[in-house]
Amino acid sequence: MSLDTNAETSATPEGQPVLSIQGIYKSFGGVHAVDGCSFEVNKGSITGLIGPNGAGKTTLFTIVTGFIKPDSGSVLLHGKDVTGEEPHELFHKGLVRTFQIPHEFHGLTTLENLMAVPAEQDGENLFKTWFMPGAVAKREAEVRALAEDTLSFLGLDRVRDELAGNLSGGQKKLLELGRSMMSGAEIVLLDEPGAGVNPTLLLQLGEKIQRLNEERGITFCIVEHNMDMIARLCDPVVVMAAGSVLTQGNMDDIRKDQRVLEAYLGSQTAEAS
Amino acid sequence: MSDQMIGYSSYLITLLTMVAIYGVMGLGLNLNWGVTGLFNVGIAGFFAIGAYTAAILTTEETGKHIGGFDMPFWVGAIAAMITSAILAWFVGKICIRLRSDYLAIATIGIAEILRLILKNEMWATNGARGISNIPKPFESLGGLAGPLAFLALVVGILIVVYVLLEKGQHSPWGRIMRAIRDNELAARASGKNVERLRLEAFIIGSSIMGLGGALSAHYFKFIGLEATEPLLTTFLIWVMMIVGGSGNNRGVLLGALIIWSLWSMSEMVIQAFSLTGEFAVRVPYMRMFIIGLVLNIVLQKYGQGILPERHPGGKDAQPKR
């Protein structure tokens, strides 16, 4: 690696790797879920991560965001080794993920779901809520305003006060995206944002991701099975198979790559649809 | 006032004092389970630590147990909160990562271990004979004034605990605790240090239970092993919270009033029958039966307790389960 390990957090220049995944291994019992996977996500990109079911994409996300620890290998964020750090530590360094199956706070309203996310909330300190109500109310008003903005960006205004557990599958997906927006993260890993979302909403979702990328400079890495969406949004695209990177490049080249077809169709025909 | 009136008033004061003490502990449990989703079944343990701490600090020297510091009431009460918080910190450090059902097993086990320690460490606790002559605030007032002043003290403490917890629950702090209860994974993905926050809620809730223990010790002027039995503390308080409405502090207080009234009155009803022999031995179990029956009836009619948790989205925003 030729990265400057002393690089400051947001000092990574456009087009340089903000996230480097280096030789990650992880096995569960006899299953090598991730088997020596290495690739980089460049700043300002929307990097696609595709591959047949069981290729290890979600496990890799889970490792990169600190939810489980790899057996070996390392994760570099802005050139600094962050392997094995807790999710909340990585959150504060600007790296967040969403979930393939939406994980909402079902007993909180849509608005509250978003308001729960931002860091540095005075009101999350019990003593401040008791003895410094002024500071708490001020920050709470800021957080509320940000959450309202996010709701209208996502078109979720109408379900603002609905309990998140009552939202539709697609709305929950949008809420997942909203949560990553509320975090203020620079790098967002989206795990199948399109799964279970109707085609119209899917187009909107893609546009929203693109806008966030262009307007706010958020770097995305997206796991997705919808190839149209990948082709529309992502460059480059990384193909994973059997736990490691098979190839990477732009979508047109990937489509022509015989090995990719084999990986999808080969022994896993039944799952490739 | 006639003797009968004094009798009724005295009973009412006793009843309300007990309701308030149970109310304090119920609020602690509600923070643990109702708000944060921590399955704490070790209430008796935290109650006992609080009660014994207060007893040891406030009694006079007897030679039968450690202590004899003759400290004022409030020193014992604050110390009770501190010692139960320390116990909660130790327990929490080891167990807080456990999923709810495993946390339940761990906490009930620790409470039982603690009971055995209290029973066997005679030098410290006077074993099964317990600690007596614990000073009761305002007792010197005599008549009804003494108990009434003590009731006012306990209710005052209850109100302070209630107001502080309500403030916390309806702040971003409460929001994040409810978020953890709803979905721990999402809370972690939202950058929350879930382990630390769960530990925080566990310690605060447990120290409130310890405060309840101190109040109980002063009220009865005695703390012995019977008071630390899980039936009287742990399970009765759980029933109060579930009947009243887990997650709703007012509901928990209502639950304490209903369940303690039933518990207390059922004893009088049973005594009125003046049974003899085998029946007299067995009939106290009827009280447990009645409490269980009430729990079932209430849950049939009100699935989330009599006063369910209030959702900010209004009445229509009900979870579908």
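Colleague: In which loop of chain B should I look for K221(B)?

Modeller: In this predicted model, K221(B) sits in the loop that runs between α9 (194-220) and α10 (231-244) of chain B.

Colleague: What is the phi of K221(B), and how should I read such a value?

Modeller: The general idea is that most residues other than glycine have a negative phi. Here, phi of K221(B) is near 60°, a positive value in a residue other than glycine.

Colleague: How does K221(B) count in terms of burial?

Modeller: K221(B) counts as partly exposed, because it has 15 C-beta neighbours inside 10 Å, while 20 or more would be needed for a residue to be called buried.

Colleague: Where in chain A does E192(A) lie, and what is its phi?

Modeller: E192(A) belongs to the loop between β7 (187-191) and α7 (199-216) of chain A, and its phi, near 45°, is again a positive value in a residue other than glycine.

Colleague: Is E192(A) buried or exposed?

Modeller: E192(A) counts as buried, because 21 C-beta neighbours fall inside 10 Å.

Colleague: What about the peptide bond from D235(A) to P236(A)?

Modeller: As a general guide, most peptide bonds are trans. The bond from D235(A) to P236(A), however, is cis, with omega near 0°, and P236(A) is placed in the loop between α8 (227-233) and β9 (237-241) of chain A.

Colleague: How is chain A divided into domains?

Modeller: Chain A consists of domain 1, which covers 17-104 + 185-271, and domain 2, which covers 105-166; the centres of these two domains, taken over C-alpha atoms, are separated by 29 Å.

Terms used. Residues numbered from 1 in each chain as written. Chains lettered and ligands numbered in written order. Predicted model: local features only at pLDDT ≥ 70, side-chain atom pairs only at ≥ 80, totals over all residues. Domains from an automatic or database assignment. Helix = DSSP H or I, 4+ residues; strand = E, 2+ residues; numbered from the N terminus. Buried ≥ 20, exposed ≤ 12 C-beta atoms within 10 Å, placed from the backbone.
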